[in-house]
Amino acid sequence: MPTVSVPISAIVGRGICVAASDGQRVYAAIQPIVARGDRAELSFSGITRMTTAFLNAAVGQLYGEFSET
């Protein structure tokens with residue numbers, strides 16, 4: 001199973017991750033990677049601020065779609 005690095009700051013375009021809409025863009029990048037059976041390695045390099053609204057949209061949705069294994 002290959003590992004694909006996902007640079008969060010490159011997707012969002014800055015180091016502040018507060019909006020759910022930014023999280024949705026990150027989710028859109030992660031979801032196809034996991035769906036094809038690869039691992040997504042999230043890089044938070046350069047991120048200085050983050051909210052739960054962002055994280056719920058970016059990562060939380062994946063829990064409803066995929067199992068732990």
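1. A good place to start is the pair D38 and R36, which form a salt bridge with their closest N and O atoms 2.7 Å apart. The term here stands for a side-chain nitrogen of Lys or Arg within 4 Å of a carboxyl oxygen of Asp or Glu. D38 is buried, at a relative accessible area of 15%, while R36 is exposed at 52%. For these labels, buried is under 20% relative accessible area, exposed is over 50%, and partly exposed lies in between (1.4 Å probe, protein chains only).

2. A word on what you are looking at: this is a predicted model, in which local features need pLDDT of at least 70, side-chain atom pairs count only at pLDDT 80 or more, and totals for chains, interfaces and linings use all residues. Residues are numbered from 1 along each chain as its sequence is written, and side-chain values use heavy atoms, with hydrogens and water left out.

3. On confidence, pLDDT is the predictor's own score for each residue, from 0 to 100. The protein chain averages 94, and 99% of the residues score at least 70. Among its elements, strand β1 (residues 3-7) has the highest mean, 97, and helix α3 (residues 52-65) the lowest, 94. Helices (H or I, at least four residues) and strands (E, at least two) are DSSP runs numbered from the N terminus.

4. Back to the charges: the whole structure holds three salt bridges. R14 pairs with D22, the closest N and O atoms being 2.7 Å apart, and D22 also pairs with R25, at 3.1 Å. Shared partners join R14, D22 and R25 into one network. D22 is buried at 4% relative accessibility; R14, at 40%, is partly exposed, and R25, at 38%, is partly exposed. D22 and R25 sit three residues apart in helix α2 (residues 20-35), so about one helical turn separates them.

5. You may also like the largest pocket, with a volume of about 490 Å³. It is lined by 15 residues, of which V34, D38, F66, S67 and E68 lie nearest its centre. Helix α2, strand β3 (39-43) and helix α3 each supply at least two lining residues. The lining divides into nine nonpolar, three polar and three charged residues.

6. For the pocket terms, a 1 Å grid is laid over the protein atoms alone; a pocket is an open set of points where a 1.4 Å probe fits, with protein on both sides within 12 Å along at least five of seven lines, and lining residues have an atom within 4 Å of a point. Points are joined across faces, edges and corners, and the volume is the space filled by probe spheres set on them. Ala, Val, Leu, Ile, Met, Phe, Trp, Tyr, Cys and Pro count as nonpolar, Asp, Glu, Lys and Arg as charged, and the others, Gly among them, as polar.
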